[in-house]
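User: Please take a close look at how the strands of this chain are paired, and build one connected picture of the part around the buried packing and the enclosed space. I am a first-year student, so please explain each term as you use it.

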Amino acid sequence: MKQPPLIVVQLFHIKGPLAINGKEAEFSVLPIFIGRHPSCHLLFPTDLAHISRKHAEIIREGNQFKLIDHSTNGTFVNGKKVKEVYLKDGDVLMFAEGGPQVSFLTQMREGEMEIPPAQPPREPQREIRVEPPKREPLRQSKPPVEERPRPIPPLREEPAQVSAQPMKVPLIIQYGPTIRHFKQVPVTIGKSPRCEYVLEHPAILDQHAQIFFSQDQYWIKDLTGQRLVHINRQPIGFQAPLQLNDDLALSPQGPFFRVFGEGRLGESEGFSDEPKGEESPKGLTEAKEPKKGESVFKKFFHH
């Protein structure tokens, strides 16, 4: 008998101790147990006393996914307290009032999956916790002699122009409490309802920017004609590639994003003052302290 298609559940950490660097958790085997107990798949730190040890679970019914609450302090979906509810892409789940938040998405993958019986996973022998790395303080070779205004940065060196052809590649954008998931680019960003991604912000124009894919990488195009789009504090001119850990500003006044690779953009609070580095490996227990001005997918993607 043919098994149901493989649908992967993605939980993007919006708020809480796991909301670091735009990381998300992916699950292809159901049910998904959520809580502080070491056997949970989505495991929260034991010091979060308002989270129950077995707080909630997500099960699959056909091609639908149901959230079931088992907690003392409640589970909320889009701000509403629930006991059982079918989830849809983009729903925001909050575990206890004012507690950690995740955004729910699903993604169809090639292949088939086998759904095991709904029973708690086996308890591991011990819980492994990874302490966040210690940061070295920034060193200054010598103190500045006087305060001077920051010069206007030059244009980034323009690569050869490439065309924005339709491509079936994923694009995930987190801004505020929501995540939008696109299966094809280019995606035009602006205030106009004609845009694929309508973004309400005082600095955004009707047709503001466009994200597309070419030459095995994602690109952004400035549609304003006013050099408003900046990458790592420098205006891009017309278009530029998006690279891992780039700081992207759609205007000098924002909104600001961090590029997390694989077509993922997460809202940030401004440009990072730290050098770009490699993306941290996947996992839920390797969380480290977030950079100042960085959000998640806001830290959606730490108060």
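Analyst: Strand β1 and strand β2 (residues 24–27) pair in the antiparallel sense over 4 bridges, where a strand is a DSSP run of E with at least two residues, numbered from the N terminus, and two strands pair if DSSP finds at least two bridges between them. This is a predicted model, in which local features need pLDDT of at least 70 and side-chain atom pairs count only at pLDDT 80 or more, while totals for chains, interfaces and linings use all residues. Residues are numbered from 1 along each chain as its sequence is written, and side-chain values use heavy atoms, with hydrogens and water left out.

Within this first pair, F12 has E24 in β2 as its bridge partner. Strand β1 covers residues 5–15, and 9 of its 11 residues are buried, buried meaning under 20% relative accessible area, exposed over 50%, and partly exposed in between, with a 1.4 Å probe and protein chains only. P5 lies in strand β1, yet P5 counts as partly exposed because its relative accessibility is 32%. The C-alpha atoms of P5 and G62 are separated by 9.5 Å, although their positions lie 57 residues apart along the chain.

Across the whole chain there are 0 helices and 23 strands, a helix being a DSSP run of H or I with at least four residues. Of the 303 residues in the chain, 50% are buried.

The part that deserves the closest look is an open sheet of 7 strands, whose order is β13-β12-β23-β22-β21-β18-β19 and whose pairing is mixed. Its edge strands are β13 (178–182) and β19 (234–235), each of which pairs on one side only. Reading inward from β13, one meets strand β12 (residues 171–175), which pairs with strand β23 (residues 264–268) in the parallel sense over 3 bridges. In that pairing, I173 stands opposite L265 in β23.

On the other side of β23 comes strand β22, and β22 and β23 pair in the antiparallel sense over 5 bridges. G261 has R264 in β23 as its bridge partner. The hairpin of β22 and β23 has 2 residues between the strands, and there E262 takes a positive phi near 55°. Strand β22 itself (residues 256–261) is mostly covered, with 6 of its 6 residues buried.

The next neighbour of β22 in the order is β21, and 3 bridges join these two strands, which run antiparallel. A249 has F256 in β22 as its bridge partner. This hairpin has 6 residues between the strands, and G254 takes a positive phi near 100° in it. Strand β21 covers residues 247–249 and contains D247, a residue that counts as buried because its relative accessible area is 6%. The side chain of D247 makes a polar contact with the side chain of R258 at 2.9 Å, such a contact being a pair of N or O atoms within 3.5 Å, of which, within protein, one must be able to donate a hydrogen and the other to accept it, while residues adjacent in sequence count only if both atoms are side-chain atoms.

Several residues of this region also belong to an enclosed space. The second largest cavity is lined by I173, I189, Y197, I211, I220, L248, L250, F257 and L265; a cavity is a set of points on a 1 Å grid over the protein atoms alone where a 1.4 Å probe fits but cannot get out, and lining residues have an atom within 4 Å of a point. Its volume is about 40 Å³, taken as the space filled by probe spheres set on the points, which are joined across faces, edges and corners. The lining comprises 9 nonpolar, no polar and no charged residues, where Ala, Val, Leu, Ile, Met, Phe, Trp, Tyr, Cys and Pro count as nonpolar, Asp, Glu, Lys and Arg as charged, and the others, Gly among them, as polar. Two of these lining residues, I173 and L265, are the ones that stand opposite each other across β12 and β23.

A second open sheet completes the picture. It has 5 strands in the order β15-β14-β16-β17-β20, again with mixed pairing, and its edge strands are β15 (197–198) and β20, each pairing on one side only. Strand β14 (residues 187–190) runs parallel to β15, and 2 bridges join them, with G190 opposite V198 in β15. At the other edge, A240 is found in strand β20 (residues 239–241), and A240 counts as buried because its relative accessibility is 3%. The C-alpha atoms of A240 and D222, which are 18 residues apart along the chain, are separated by 8.8 Å.

Technical notes: 1 Å grid on protein atoms, 1.4 Å probe; cavity = no way out; pocket = protein on both sides within 12 Å on 5 of 7 lines; lining within 4 Å.
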